[in-house]
Amino acid sequence: IQLNLVADVGGTNTRVALARGANLVAGSATKFANRDFSDLGSVLQTYISDQGNIYCAGACVAVAGPVQDGTGHLTNLNWSIDRALLIRSTSAANVAVLNDLQAQGHGLHSLPQQSLKHILGAPEPKPNAAKLVVGIGTGFNAAVVYALSDRLLVPPSESGHADLPTQTTADFQLANAIRREHGFCAVDEVLSGRGLERIYNWHSQEAGNRAELSAADIMQSLASNTDPIAKNSARHFVHLAAVTIGNLALTYLPYGGVYLAGGVARAFAPYLAAYGFEQSFKDKGRFADFMDNFSVSIIEDDDAALNGCARYLGAQTLAS
């Protein structure tokens, strides 16, 4: 089976690996810091050179940003990625550009159970029930996964650029503070790494001592239980995430489950139960009981998007 190249391009890092058919080559994944490269092409060329100038028959990349007509634009990095760039950089004949949540969606059906941390249970779904993958990391996005008779259909979306839903007085005040600064309060201005920093900044200001901390420092303070502002900020983050994900569940009806991906989602895994995720997720008035239909799990596999790219290329090869 010929080798394919797959890549997961985030706002901060890019992970590149090799695949044979729909399976990753063990030990082939390498992470690159985007700040060290001018564009994705130089990342891929470096990887191929490091691998001994191997030949790749196909190449598929997952991009953390909108993709239209085979061209992707990273939301949090000034990189543009298209099929022509992939062909130039890899010499592959079969190339594809996916949104990163599309790639996660294509990898869902092959995830081993040990890669999932279950947050909320639900009735056993039918085999071809729709699933929803939600990414919370450098940004926020979601994609619904439909299992058709012969393939997976994973339409792209840019859910992170919709308005942030607000329920409580604190939600409104936080959103208004962000609107004053940015003119618009999108979901990923709050539900992301930088969003956690904004929440902390706002809560510290409300407490009378405005402070700024990095997302990593906030999570460290949370783990050590040394900062009540960090705890309040994390609780607010969990509430807003649960409300937003609950809205998406009602939009797409993922009876096959909701799957949370991304570094920020994984970092919050130990705190979701204690900080009221279930209550906020199901707080939908007369539809509260209906929310019991949707399980919620966290994907703890860093290779999920790479696997999705590999499976997408594998499916394209079989279809041709």
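Thr12 counts as partly exposed in this predicted model, because its relative accessibility of 43% falls between the 20% limit for buried and the 50% limit for exposed. Thr12 sits in the loop that joins strand E1 (3-9) to strand E2 (13-20). Leaving aside residues up to four places away in sequence, Thr12 touches Phe32, Ala33, Asn34 and Thr138. Between Thr12 and Ala230 there are 24 Å in space, C-alpha to C-alpha, and the two are 218 residues apart in sequence.

Thr138, one of the residues touched by Thr12, also appears in the description of the largest pocket. Thr138 is among the lining residues nearest the centre of that pocket, along with Gly10, Gly137, Gly262 and Gly263. In total, 34 residues line the largest pocket. The strands E1 and E2 each give two or more residues to this lining, as do helix H3 (100-107), strand E11 (131-136), strand E12 (140-147) and helix H8 (263-268). The space in the largest pocket is about 850 Å³. Its lining is made up of 17 polar, nine charged and eight nonpolar residues.

The second largest pocket holds about 530 Å³ of space. It is lined by 20 residues, and those nearest its centre are His106, Arg151, Leu152, Tyr312 and Ala315. Helix H3, strand E13 (152-153) and helix H10 (304-319) are the elements that give two or more residues to this lining. H10 gives the most, with seven residues. By class, the lining of the second largest pocket has twelve nonpolar, five polar and three charged residues.

The aromatic rings are the next topic. The model has nine aromatic pairs. One of them joins Tyr271 and Tyr275, with 5.9 Å from centre to centre and 20 degrees between the planes. This pair counts as stacked because the angle is under 30 degrees. Tyr271 is buried because its relative accessible area, 17%, is under 20%. Tyr275 is also buried, with a relative accessible area of 10%.

Phe277 and Phe281 form another stacked pair, with 5.8 Å between the centres and 15 degrees between the planes. Both residues lie in helix H9 (residues 277-281), where they are four residues apart, about one turn of the helix. Phe277 and Phe281 are both buried. Elsewhere in the sequence, Tyr255, Phe287, Phe290 and Phe294 are linked by ring pairs into a cluster.

Conventions:
Residues are numbered from 1 along each chain as its sequence is written. This is a predicted model: local features need pLDDT of at least 70, side-chain atom pairs count only at pLDDT 80 or more; totals for chains, interfaces and linings use all residues. Side-chain values use heavy atoms; hydrogens and water are left out. Rings of Phe, Tyr and Trp (its six-membered ring) pair if their centres lie within 6.5 Å; planes under 30 degrees apart count as stacked, over 60 as edge-to-face and the rest as tilted. Buried means under 20% relative accessible area, exposed over 50%, partly exposed in between (1.4 Å probe, protein chains only). Contact means heavy atoms within 4.5 Å. On a 1 Å grid over the protein atoms alone, a cavity is a set of points where a 1.4 Å probe fits but cannot get out, and a pocket is an open set with protein on both sides within 12 Å along at least five of seven lines; lining residues have an atom within 4 Å of a point. Grid points are joined across faces, edges and corners, and a volume is the space filled by probe spheres set on the points. Ala, Val, Leu, Ile, Met, Phe, Trp, Tyr, Cys and Pro count as nonpolar, Asp, Glu, Lys and Arg as charged, and the others, Gly among them, as polar.
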